[in-house]
Structures are given as C-alpha cells and as structure tokens.
Amino acid sequence: MNFFEIVNAHLGSLTPNEQKLFDYVVKNMDQIKNKSIREVASATFVSTATFLRFVKKIGFSGFSEFTTVIKFTLINRKEADQATPFVVKQTDYREEYLKNIAESIHVIQPNRLHQVVEKLAQHPDVFFFAKGVSKHAVEYIEYLYTMAGFKTHYPRDHDYRKQALNQVDGDALVFILTYEGSDGEMLDNMSRLVDMQPRPLLVSITEPDNNTIQNLSDINFYIFTDGVTVNNTDISSRISTISVMELILYQYVEDYGGRDFHFRKREE
C-alpha cells in the first residue's frame, strides 16, 4: 500500500502542529525509514508519545507499520525512476503518471489552500516566477488566472524577472514555480522578496525535499513527478504543477466566483 493512499483520508483533520510533522515526514522519508521512533521524535522536537499519536491519527496501527509502508513507497518510487517511459509498458507508466498527480493533490493541506484563496480574494497583483519546463507550464497557468480577471505578471526571462522584482510590493501574491528548490536565480529572487518590508505572500511549488526555497516561502505546495531527460534536455512532466495551480483557482471560483465574476459551469 502506498503511504499517501493511506494518509489521504486523514489529512483534513490534522492540527497545525500535526501538519508540521506531516511535512517533515514527506520531506525526510529516506531518513525516517531506518530510524527509531525515539530518533524521529527527537528530530521533530516532540515526545515519542506525541509522535505515536500522530502516526495513528494518519492511519497506521503503529510506528512499525508506518516505517514499513514508507520503505515500500520509496522502493516503488525508485523502481519507477530507474525505468524510462520509453521502455516500460504504457499502462505501467500511465499508472505512475496518475499516482504523481494524485499524490501532489492529496498532500495539500486545506488551510494552506484557503490561505492562498483568501489572498486572491483581495485582488492582489499576481506574479509568477519560473524557469525551464516550469516556465512553459506557467504560460498556461497565467492564461487561466488572467481570464479569471486577475492582474498577472509573468516575466519570461532573466532580465524581465530581475526587473519584475522591483514591481512587487507588500500587497502582492508571488508564486515561485521551480521543481528543484536549489535554483540559484530563484534563490536570489526569494532572498530579495523575503527581505521586503512589508513582505508579499510567497507561495512556492517545488519537489518534496527539504529545500531552501520551501523554507523561505510562507506557503509551500510540493509536487511529485518522474524525471525524464531526452537529448540532454529535461522534459519531466509539470502536470502536477498545473493541477495544483488549477485547484487553487477553482477553489477561488467556488468560494468567491459568484461575488466577483459570476462563474458558472457550462451545461453539456
């Protein structure tokens, strides 16, 4: 059984402190799999009893089952990473592709989603910063948000991104969309934004490891994808990035669409 399939039904009931524990687990699975409950509890600054209650709350009978499922989840993921989509059966890759999307959506904490939606309800200037494959995904994302009526800013290369930083103010909503949370330019941009007074709301979408961009963000959503390189070019899927950004917008539509733009579903 996959770790995320088990915990999905329990995420909505987590307290803020339990959400922090969950984030730690997702970011550090490879280390947790071989640690004792005492070691994990110490690393997360909680008692062993507190961590055990957390483990049971997210669907496991105890710490042993918790680490066993983590090990199986990591093994399955590594096997998927070693195979390329051009040699595995189409049905196998399709299943992994769908799992990546589902996991990216399942781990979203409702309070974080609504925090971004509430910021959108203030009609801020919305900035998108992205490079590489993520940059091309953002072209579609910007279209959606612009058509929804938001004032969007999408600087498409280094010089434009550098200039756009001067246009961000404390009322803005800034999305940093970079799978690798260690990109030098994006880290420089984040450092400038973090130092702003007042500071804009910084939302990042990155891979689920403990990276610097995550830690500098006010809110982080993490995505899962299988790395694919062709002709020395990264063509890894960014459909999970698009899914997260669509979910944010459609949650906004559900919460505020009638008030602002009179959204309605098209009848087929």
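**Exercise 1. Determine which residue in S2 stands opposite valine 126, and describe how S1 and S2 are connected.**

Solution. In this predicted model, valine 126 faces threonine 152 of S2. A further partnership is that of aspartate 125, whose bridge partner in S2 is lysine 151. Taken as whole strands, S1 and S2 (residues 151–153) pair in the parallel sense, with three bridges. The connection from S1 to S2 passes through helix H9 (residues 132–147), and this β-α-β crossover is right-handed.

**Exercise 2. Establish how many bridges join S1 to S3, and state how many residues of S1 are buried.**

Solution. Strand S3 (residues 173–177) runs parallel to S1, and five bridges join the two. Within this pairing, phenylalanine 129 stands opposite isoleucine 176 of S3. Turning to cover, S1 (residues 125–130) has five of its six residues buried, where buried denotes a relative accessible area under 20%.

**Exercise 3. Give the strand order of the open sheet and identify the strands at its edges.**

Solution. The sheet consists of five strands in the order S2-S1-S3-S4-S5, with parallel pairing. S2 and S5 (219–222) each have a single partner strand, so one side of each lacks a neighbour in the sheet; these two are the edge strands. From one strand to the next, the twist averages 20°.

The helices that pack on the sheet may then be added. H8 (residues 110–120) touches S1, S3, S4 (201–206) and S5, and its direction makes about 120° with that of S5. H13 (residues 239–260) also packs on the sheet, touching S1, S3, S4 and S5. The direction of H13 makes about 160° with that of S3.

**Exercise 4. Explain why the buried residues of H5 line one face of the helix.**

Solution. The buried residues of H5 (residues 48–57) are Phe51, Phe54 and Val55. Viewed down the axis of H5, these buried residues fall within an arc of 100°, and therefore they line one face. In general, an α-helix has 3.6 residues a turn, so residues three or four places apart point the same way. Just after H5, glycine 59 adopts a positive phi of about 110°.

**Exercise 5. Characterise the protein chain by its secondary structure, burial, contacts and accessible surface.**

Solution. The protein chain contains 13 helices and seven strands. Of its 268 residues, 47% are buried. Among contacts between residues at least 6 apart in sequence, 70% join residues at least 24 apart. The accessible surface comes to about 14000 Å², and carbon and sulfur atoms account for 49% of this area.

Key
Residues numbered from 1 in each chain as written. Predicted model: local features only at pLDDT ≥ 70, side-chain atom pairs only at ≥ 80, totals over all residues. Heavy atoms only, no water. Buried < 20%, exposed > 50% of the residue type's maximum accessible area, 1.4 Å probe, protein only. Helix = DSSP H or I, 4+ residues; strand = E, 2+ residues; numbered from the N terminus. Pairing = 2+ DSSP bridges. Right-handed = clockwise from strand over helix to strand, strands pointing away. Arc of directions from axis to C-beta. Contact = heavy atoms within 4.5 Å. Areas by Shrake-Rupley, 256 points an atom, 1.4 Å probe, with all protein chains shown as cover. Axes fitted to C-alpha atoms, helices over the stretch in contact; angles between N-to-C directions.
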